[in-house]
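Visitor: I would like to learn how to read a model like this one, feature by feature. Could you take me through it, giving the general idea before each case?

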Amino acid sequence: MKRRELPDHVFEFYNEVRSDQSLRQAEVARTVQARYPEYFEGLRPNSVVKNIQNQADDRGVDLVRLGPGGKPKIKEPHDHWLWSTPELVIPYSDSVIVLSDIHAGQHSQDALDRALDVINAREIETVVWNGDLFDNAYKGHSGIRSKYAQGFEDGCETVADIVTAVHTCPSVQTSVFLCGNHDDKTFRDTDREFEFEDLLTVALNGVPMPNTVHSTNRYYAIMEPKEPSAWPFTGPENFPWMFTHQKEYGRNQLSVAKRLVDVEFANTICGHQHHLAVGKHPNGLVYLVDAGTLQDPRLPAYKNARQTTHPKWAVGFATITHGVPEIWDMSNP
(Lines give C-alpha, C1' and ligand atoms only; values in the text may rest on other atoms or scores of the structure.)
Protein backbone atom coordinates (compact mmCIF):
# COMPACT_ATOMS: atom_id res chain seq x y z
CA MET A 1 0.00 0.00 0.00
CA LYS A 2 1.38 3.39 -0.95
CA ARG A 3 1.91 5.62 2.04
CA ARG A 4 0.58 9.17 2.19
CA GLU A 5 2.95 12.06 1.61
CA LEU A 6 4.15 13.45 4.91
CA PRO A 7 3.66 17.16 5.68
CA ASP A 8 6.53 19.25 6.99
CA HIS A 9 5.26 19.27 10.56
CA VAL A 10 5.72 15.48 10.78
CA PHE A 11 9.43 15.84 9.98
CA GLU A 12 9.69 18.69 12.50
CA PHE A 13 8.07 16.57 15.22
CA TYR A 14 10.34 13.61 14.39
CA ASN A 15 13.42 15.83 14.73
CA GLU A 16 12.12 17.22 18.02
CA VAL A 17 11.55 13.75 19.48
CA ARG A 18 14.79 12.34 18.01
CA SER A 19 16.84 15.06 19.68
CA ASP A 20 16.11 13.37 23.02
CA GLN A 21 19.14 11.08 23.10
CA SER A 22 17.70 9.01 25.94
CA LEU A 23 15.11 7.49 23.58
CA ARG A 24 15.76 4.43 21.49
CA GLN A 25 14.69 4.34 17.84
CA ALA A 26 11.62 2.19 18.58
CA GLU A 27 10.48 4.62 21.26
CA VAL A 28 10.84 7.55 18.89
CA ALA A 29 8.86 5.69 16.23
CA ARG A 30 6.01 4.86 18.62
CA THR A 31 5.86 8.48 19.81
CA VAL A 32 5.56 9.78 16.24
CA GLN A 33 3.09 7.05 15.35
CA ALA A 34 0.88 7.91 18.32
CA ARG A 35 0.92 11.59 17.38
CA TYR A 36 0.14 11.00 13.69
CA PRO A 37 -1.65 7.63 13.39
CA GLU A 38 -3.23 8.63 10.10
CA TYR A 39 0.17 8.42 8.37
CA PHE A 40 1.60 5.30 10.03
CA GLU A 41 -1.33 2.98 10.73
CA GLY A 42 -0.30 -0.66 11.07
CA LEU A 43 3.44 -0.04 10.69
CA ARG A 44 6.17 -1.47 12.87
CA PRO A 45 8.61 1.01 14.47
CA ASN A 46 11.38 0.28 11.96
CA SER A 47 8.95 0.85 9.10
CA VAL A 48 7.81 4.16 10.60
CA VAL A 49 11.39 5.43 10.67
CA LYS A 50 12.17 4.07 7.19
CA ASN A 51 9.06 5.77 5.77
CA ILE A 52 10.06 9.10 7.31
CA GLN A 53 13.67 8.81 6.15
CA ASN A 54 12.77 7.76 2.58
CA GLN A 55 10.39 10.67 2.14
CA ALA A 56 12.91 13.04 3.69
CA ASP A 57 15.59 11.87 1.23
CA ASP A 58 13.23 12.35 -1.72
CA ARG A 59 12.42 15.90 -0.65
CA GLY A 60 15.82 16.96 0.68
CA VAL A 61 14.63 17.34 4.28
CA ASP A 62 17.34 17.26 6.97
CA LEU A 63 16.70 14.76 9.76
CA VAL A 64 18.32 14.04 13.08
CA ARG A 65 19.54 10.46 12.63
CA LEU A 66 20.78 8.66 15.71
CA GLY A 67 21.22 5.03 16.53
CA PRO A 68 20.18 3.12 19.69
CA GLY A 69 21.08 4.94 22.87
CA GLY A 70 21.38 8.26 21.05
CA LYS A 71 24.82 7.55 19.58
CA PRO A 72 25.48 8.99 16.12
CA LYS A 73 25.40 6.43 13.31
CA ILE A 74 27.99 8.42 11.38
CA LYS A 75 31.65 8.84 12.04
CA GLU A 76 32.91 12.27 12.97
CA PRO A 77 33.89 14.24 9.84
CA HIS A 78 37.59 14.26 9.25
CA ASP A 79 39.90 16.58 7.38
CA HIS A 80 42.46 14.15 5.99
CA TRP A 81 41.99 15.78 2.58
CA LEU A 82 44.06 18.66 3.96
CA TRP A 83 47.18 16.53 4.01
CA SER A 84 46.43 14.19 1.10
CA THR A 85 48.82 15.45 -1.55
CA PRO A 86 49.23 16.25 -4.34
CA GLU A 87 45.58 17.24 -4.44
CA LEU A 88 43.92 20.49 -5.43
CA VAL A 89 42.20 22.28 -2.53
CA ILE A 90 40.37 25.47 -3.48
CA PRO A 91 38.83 28.17 -1.26
CA TYR A 92 35.12 28.17 -0.45
CA SER A 93 32.79 29.95 -2.89
CA ASP A 94 29.16 30.99 -2.34
CA SER A 95 28.20 30.33 -5.97
CA VAL A 96 29.53 27.49 -8.12
CA ILE A 97 28.53 25.93 -11.42
CA VAL A 98 29.77 22.45 -12.28
CA LEU A 99 30.09 21.77 -16.01
CA SER A 100 30.89 18.08 -16.37
CA ASP A 101 31.48 15.87 -19.41
CA ILE A 102 31.16 18.60 -22.03
CA HIS A 103 32.97 16.57 -24.72
CA ALA A 104 33.68 19.64 -26.85
CA GLY A 105 32.81 19.06 -30.47
CA GLN A 106 30.02 16.70 -29.53
CA HIS A 107 28.43 19.03 -27.01
CA SER A 108 24.88 20.34 -26.97
CA GLN A 109 24.88 24.03 -27.84
CA ASP A 110 21.44 24.39 -26.23
CA ALA A 111 22.79 23.03 -22.94
CA LEU A 112 25.81 25.35 -23.10
CA ASP A 113 23.58 28.35 -23.80
CA ARG A 114 21.40 27.42 -20.83
CA ALA A 115 24.48 27.21 -18.62
CA LEU A 116 25.57 30.68 -19.76
CA ASP A 117 22.10 32.04 -18.94
CA VAL A 118 22.26 30.53 -15.43
CA ILE A 119 25.76 31.89 -14.82
CA ASN A 120 24.59 35.39 -15.70
CA ALA A 121 21.23 35.18 -13.90
CA ARG A 122 22.73 33.71 -10.69
CA GLU A 123 25.94 35.76 -10.93
CA ILE A 124 28.01 32.60 -10.57
CA GLU A 125 31.55 33.29 -9.36
CA THR A 126 33.26 29.88 -9.65
CA VAL A 127 33.21 27.45 -12.59
CA VAL A 128 34.33 23.85 -12.05
CA TRP A 129 35.14 22.04 -15.30
CA ASN A 130 34.60 18.55 -13.91
CA GLY A 131 36.44 16.39 -16.45
CA ASP A 132 35.97 15.43 -20.11
CA LEU A 133 36.09 19.00 -21.33
CA PHE A 134 37.81 17.57 -24.40
CA ASP A 135 36.34 14.68 -26.36
CA ASN A 136 39.20 13.26 -28.43
CA ALA A 137 36.86 10.73 -30.05
CA TYR A 138 39.18 10.76 -33.05
CA LYS A 139 41.30 8.24 -31.16
CA GLY A 140 38.36 5.85 -31.20
CA HIS A 141 36.25 4.27 -28.49
CA SER A 142 36.04 0.47 -28.40
CA GLY A 143 36.90 0.36 -32.09
CA ILE A 144 34.06 2.67 -33.14
CA ARG A 145 34.95 6.02 -34.64
CA SER A 146 32.33 8.76 -34.74
CA LYS A 147 31.72 10.69 -37.94
CA TYR A 148 31.48 13.77 -35.71
CA ALA A 149 34.95 13.23 -34.23
CA GLN A 150 37.30 16.21 -34.37
CA GLY A 151 41.04 16.13 -34.86
CA PHE A 152 43.37 17.52 -32.24
CA GLU A 153 43.57 21.08 -33.56
CA ASP A 154 39.84 21.38 -34.19
CA GLY A 155 39.13 19.93 -30.77
CA CYS A 156 41.37 22.48 -29.08
CA GLU A 157 39.70 25.27 -31.02
CA THR A 158 36.24 24.16 -29.91
CA VAL A 159 37.38 23.92 -26.29
CA ALA A 160 38.79 27.44 -26.53
CA ASP A 161 35.47 28.74 -27.88
CA ILE A 162 33.50 27.13 -25.03
CA VAL A 163 35.85 28.35 -22.29
CA THR A 164 35.90 31.85 -23.81
CA ALA A 165 32.09 31.99 -23.80
CA VAL A 166 31.98 31.07 -20.10
CA HIS A 167 34.80 33.38 -19.07
CA THR A 168 33.20 36.39 -20.74
CA CYS A 169 30.33 36.17 -18.22
CA PRO A 170 31.05 39.20 -15.97
CA SER A 171 30.48 37.43 -12.64
CA VAL A 172 33.01 34.61 -13.20
CA GLN A 173 36.03 35.14 -10.96
CA THR A 174 37.51 31.63 -10.71
CA SER A 175 37.88 28.61 -12.99
CA VAL A 176 38.87 25.11 -11.85
CA PHE A 177 39.95 22.50 -14.42
CA LEU A 178 39.95 18.78 -13.58
CA CYS A 179 41.14 15.96 -15.82
CA GLY A 180 38.74 13.34 -17.20
CA ASN A 181 39.26 10.01 -18.91
CA HIS A 182 38.54 11.50 -22.35
CA ASP A 183 40.88 14.41 -21.69
CA ASP A 184 43.78 12.07 -21.12
CA LYS A 185 43.35 10.13 -24.38
CA THR A 186 45.72 12.61 -25.97
CA PHE A 187 48.62 11.70 -23.70
CA ARG A 188 48.00 8.09 -22.66
CA ASP A 189 50.91 6.92 -24.80
CA THR A 190 53.38 9.63 -23.74
CA ASP A 191 54.52 8.02 -20.47
CA ARG A 192 53.20 11.12 -18.64
CA GLU A 193 55.59 13.41 -20.49
CA PHE A 194 52.51 15.31 -21.68
CA GLU A 195 49.71 15.78 -19.16
CA PHE A 196 46.35 17.49 -18.77
CA GLU A 197 47.74 20.83 -17.67
CA ASP A 198 49.98 20.83 -20.76
CA LEU A 199 46.91 20.15 -22.91
CA LEU A 200 45.14 23.12 -21.33
CA THR A 201 48.14 25.32 -22.04
CA VAL A 202 48.00 24.37 -25.72
CA ALA A 203 44.24 24.67 -26.11
CA LEU A 204 43.67 27.81 -24.05
CA ASN A 205 46.55 29.89 -25.35
CA GLY A 206 45.14 33.39 -25.81
CA VAL A 207 41.79 32.57 -24.17
CA PRO A 208 40.61 35.21 -21.66
CA MET A 209 40.96 33.96 -18.10
CA PRO A 210 39.31 35.07 -14.85
CA ASN A 211 41.22 36.45 -11.86
CA THR A 212 41.99 32.98 -10.45
CA VAL A 213 42.62 29.74 -12.34
CA HIS A 214 43.24 26.34 -10.76
CA SER A 215 44.12 23.20 -12.70
CA THR A 216 45.37 19.75 -11.83
CA ASN A 217 46.44 16.57 -13.57
CA ARG A 218 44.28 14.72 -11.07
CA TYR A 219 40.64 13.82 -11.55
CA TYR A 220 39.33 15.47 -8.40
CA ALA A 221 39.54 18.53 -6.17
CA ILE A 222 38.25 19.64 -2.77
CA MET A 223 36.51 22.95 -1.99
CA GLU A 224 37.07 24.02 1.60
CA PRO A 225 34.10 24.61 3.92
CA LYS A 226 33.13 28.17 4.71
CA GLU A 227 34.14 27.73 8.34
CA PRO A 228 37.33 25.86 9.36
CA SER A 229 35.51 23.26 11.46
CA ALA A 230 32.49 21.34 10.22
CA TRP A 231 31.72 19.59 13.48
CA PRO A 232 29.34 19.93 15.21
CA PHE A 233 27.20 20.23 12.10
CA THR A 234 26.08 23.83 11.62
CA GLY A 235 24.85 23.92 8.02
CA PRO A 236 25.58 22.81 4.45
CA GLU A 237 28.20 25.51 3.89
CA ASN A 238 30.41 24.02 6.54
CA PHE A 239 31.30 20.69 5.01
CA PRO A 240 33.84 20.50 2.19
CA TRP A 241 32.79 19.65 -1.38
CA MET A 242 34.58 17.03 -3.43
CA PHE A 243 34.38 17.42 -7.22
CA THR A 244 35.43 14.23 -8.97
CA HIS A 245 35.61 12.53 -12.34
CA GLN A 246 36.06 9.18 -10.64
CA LYS A 247 36.96 5.89 -12.30
CA GLU A 248 33.82 3.99 -11.23
CA TYR A 249 30.58 3.95 -13.22
CA GLY A 250 27.30 3.12 -11.51
CA ARG A 251 24.08 2.26 -13.30
CA ASN A 252 22.01 3.74 -10.47
CA GLN A 253 21.97 7.46 -9.79
CA LEU A 254 24.05 8.63 -6.81
CA SER A 255 25.27 5.10 -6.05
CA VAL A 256 28.93 5.93 -6.74
CA ALA A 257 28.76 9.24 -4.85
CA LYS A 258 27.34 7.39 -1.86
CA ARG A 259 30.24 4.93 -1.84
CA LEU A 260 32.79 7.70 -2.24
CA VAL A 261 31.51 9.46 0.88
CA ASP A 262 32.57 6.41 2.86
CA VAL A 263 36.12 7.07 1.63
CA GLU A 264 36.15 10.88 1.73
CA PHE A 265 33.63 12.47 4.11
CA ALA A 266 32.45 15.45 2.07
CA ASN A 267 29.59 16.66 -0.05
CA THR A 268 30.34 14.79 -3.26
CA ILE A 269 29.60 15.63 -6.90
CA CYS A 270 30.43 13.02 -9.55
CA GLY A 271 31.06 13.22 -13.27
CA HIS A 272 31.84 10.48 -15.81
CA GLN A 273 28.49 8.66 -15.57
CA HIS A 274 26.30 11.23 -17.39
CA HIS A 275 23.66 10.86 -14.66
CA LEU A 276 21.91 13.96 -13.30
CA ALA A 277 20.56 13.73 -9.75
CA VAL A 278 20.77 15.26 -6.28
CA GLY A 279 20.09 13.75 -2.87
CA LYS A 280 21.41 13.23 0.65
CA HIS A 281 23.71 10.53 1.97
CA PRO A 282 21.98 8.17 4.45
CA ASN A 283 23.92 9.89 7.24
CA GLY A 284 21.64 12.88 6.62
CA LEU A 285 24.48 15.40 6.58
CA VAL A 286 26.20 15.57 3.21
CA TYR A 287 24.83 16.02 -0.29
CA LEU A 288 25.29 13.62 -3.19
CA VAL A 289 25.18 14.93 -6.77
CA ASP A 290 25.57 13.42 -10.22
CA ALA A 291 26.59 16.32 -12.44
CA GLY A 292 25.08 15.29 -15.80
CA THR A 293 26.64 15.93 -19.19
CA LEU A 294 26.66 18.63 -21.83
CA GLN A 295 27.38 16.05 -24.52
CA ASP A 296 24.65 15.65 -27.11
CA PRO A 297 23.61 11.97 -26.77
CA ARG A 298 22.67 11.82 -30.46
CA LEU A 299 26.26 12.32 -31.66
CA PRO A 300 28.72 9.75 -30.26
CA ALA A 301 28.83 6.61 -32.37
CA TYR A 302 29.78 4.34 -29.49
CA LYS A 303 26.52 5.28 -27.80
CA ASN A 304 24.26 4.92 -30.84
CA ALA A 305 25.84 2.25 -33.03
CA ARG A 306 24.88 -0.64 -30.77
CA GLN A 307 22.30 -1.68 -28.20
CA THR A 308 23.01 -1.18 -24.52
CA THR A 309 21.31 -1.59 -21.17
CA HIS A 310 23.14 1.46 -19.79
CA PRO A 311 20.82 4.24 -18.61
CA LYS A 312 20.12 7.13 -20.96
CA TRP A 313 22.41 10.11 -20.61
CA ALA A 314 21.00 13.11 -18.76
CA VAL A 315 21.90 16.43 -20.39
CA GLY A 316 22.34 19.17 -17.82
CA PHE A 317 24.58 20.59 -15.10
CA ALA A 318 24.65 21.49 -11.41
CA THR A 319 25.00 24.63 -9.33
CA ILE A 320 25.89 25.07 -5.65
CA THR A 321 24.58 28.16 -3.85
CA HIS A 322 25.65 28.74 -0.23
CA GLY A 323 26.44 25.05 0.05
CA VAL A 324 23.11 23.81 -1.36
CA PRO A 325 23.15 22.00 -4.75
CA GLU A 326 20.63 22.28 -7.55
CA ILE A 327 20.45 20.40 -10.85
CA TRP A 328 19.41 21.85 -14.20
CA ASP A 329 17.86 19.19 -16.39
CA MET A 330 17.75 20.06 -20.09
CA SER A 331 15.06 17.45 -20.63
CA ASN A 332 12.82 19.68 -18.48
CA PRO A 333 13.87 23.22 -19.50
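Guide: Let us begin with a single residue, bearing in mind that the model is predicted. Gly140 has a relative accessible area of 22%, and because buried means under 20% and exposed over 50%, Gly140 counts as partly exposed. Gly140 sits in the loop between β3 (126-130) and α6, and its C-alpha lies 8.9 Å from the C-alpha of Tyr302, although 162 residues separate Gly140 and Tyr302 in sequence.

Visitor: What does the secondary structure of the protein chain come to, and what percentage of its 333 residues count as buried?

Guide: The protein chain has nine helices and twelve strands, and 51% of its 333 residues count as buried. As for its contacts with a separation of 6 or more, 70% are accounted for by residues 24 or more positions apart.

Visitor: How should I read a pair of packed helices, and at what angle do the axes of α5 and α6 cross?

Guide: The angle between the axes gives the class of the packing, and angles under 35 degrees count as roughly parallel. The axes of α5 and α6 come within 10 Å and cross at roughly 25 degrees, which makes α5 roughly parallel to α6. On the α5 side the contact is made by Leu112, Leu116 and Ile119, and on the α6 side by Ile162, Ala165 and Val166. The crossing of these two helices, α5 and α6, is right-handed.

Visitor: Which residues of α6 and α7 meet, and at what angle do the axes of these helices cross?

Guide: The axes of α6 and α7 cross at roughly 80 degrees and come within 9 Å, so α6 is roughly perpendicular to α7. Here Phe152, Cys156, Val159 and Ala160 in α6 meet Leu199, Val202 and Ala203 in α7.

Another pair, α2 (residues 25-35) and α4 (residues 45-59), packs at an angle of about 75 degrees with axes 8 Å apart, and therefore α2 is roughly perpendicular to α4. Its contact draws on Gln25, Ala26, Ala29, Arg30, Val32 and Gln33 of α2 and on Pro45, Asn46, Val48, Val49 and Ile52 of α4.

Visitor: Staying with α7, which of its residues are buried, and what do they pack against?

Guide: For a helix, one lists the buried residues and then asks how they are placed around the axis. In α7 (residues 196-203), the buried residues are Phe196, Leu199, Leu200 and Ala203. They lie on the same side of α7, because the arc they cover around the axis is only 100 degrees. The buried residues of α7 pack against α6 (152-167), β4 (174-178) and β5 (212-215).

Visitor: Thr174 is in strand β4; is Thr174 buried or exposed, and which residues is it in contact with beyond its neighbours within four places in sequence?

Guide: Thr174 is buried, with a relative accessible area of 16%. When neighbours within four places in sequence are left aside, the contacts of Thr174 are with Glu125, Thr126, Val127, Pro210, Thr212 and His214.

Visitor: How many salt bridges does a search of the whole structure find, and why can side chains of opposite charge pair?

Guide: Side chains of opposite charge can pair when their charged atoms come close. The search finds two salt bridges. In one, the side chains of Glu326 and Arg122 meet at 3.0 Å, N to O. Because Glu326 lies in strand β12 (residues 324-329) and Arg122 in helix α5 (residues 109-122), this pair ties together parts that are 204 residues apart in sequence. Glu326 is partly exposed at 33% relative accessibility, and Arg122 is partly exposed as well, at 34%.

The side chains of Asp296 and Arg298 also meet in a salt bridge, at 2.7 Å, N to O. Asp296 is buried, with a relative accessible area of 9%, whereas Arg298 is exposed, with 67%.

Visitor: Turning to the backbone, what is the sign of phi in Glu123 and in Leu254?

Guide: Most residues other than glycine have a negative phi. Glu123, although not a glycine, has a positive phi of about 55 degrees; it is placed in the loop between α5 and β3 and counts as exposed at 56% relative accessibility. Leu254 likewise has a positive phi, near 70 degrees. Leu254 is found in the loop between β7 (241-244) and α8 (255-261), and at 16% relative accessibility Leu254 counts as buried.

How values were computed:
Residues numbered from 1 in each chain as written. Heavy atoms only, no water. Buried < 20%, exposed > 50% of the residue type's maximum accessible area, 1.4 Å probe, protein only. Helix = DSSP H or I, 4+ residues; strand = E, 2+ residues; numbered from the N terminus. Arc of directions from axis to C-beta. Contact = heavy atoms within 4.5 Å. Salt bridge = Lys/Arg side-chain N within 4 Å of Asp/Glu carboxyl O. Axes fitted to C-alpha atoms, helices over the stretch in contact; angles between N-to-C directions. Parallel < 35°, antiparallel > 145°, perpendicular 65-115°, else oblique. Left-handed = near helix turned anticlockwise from the far one by under 90°.
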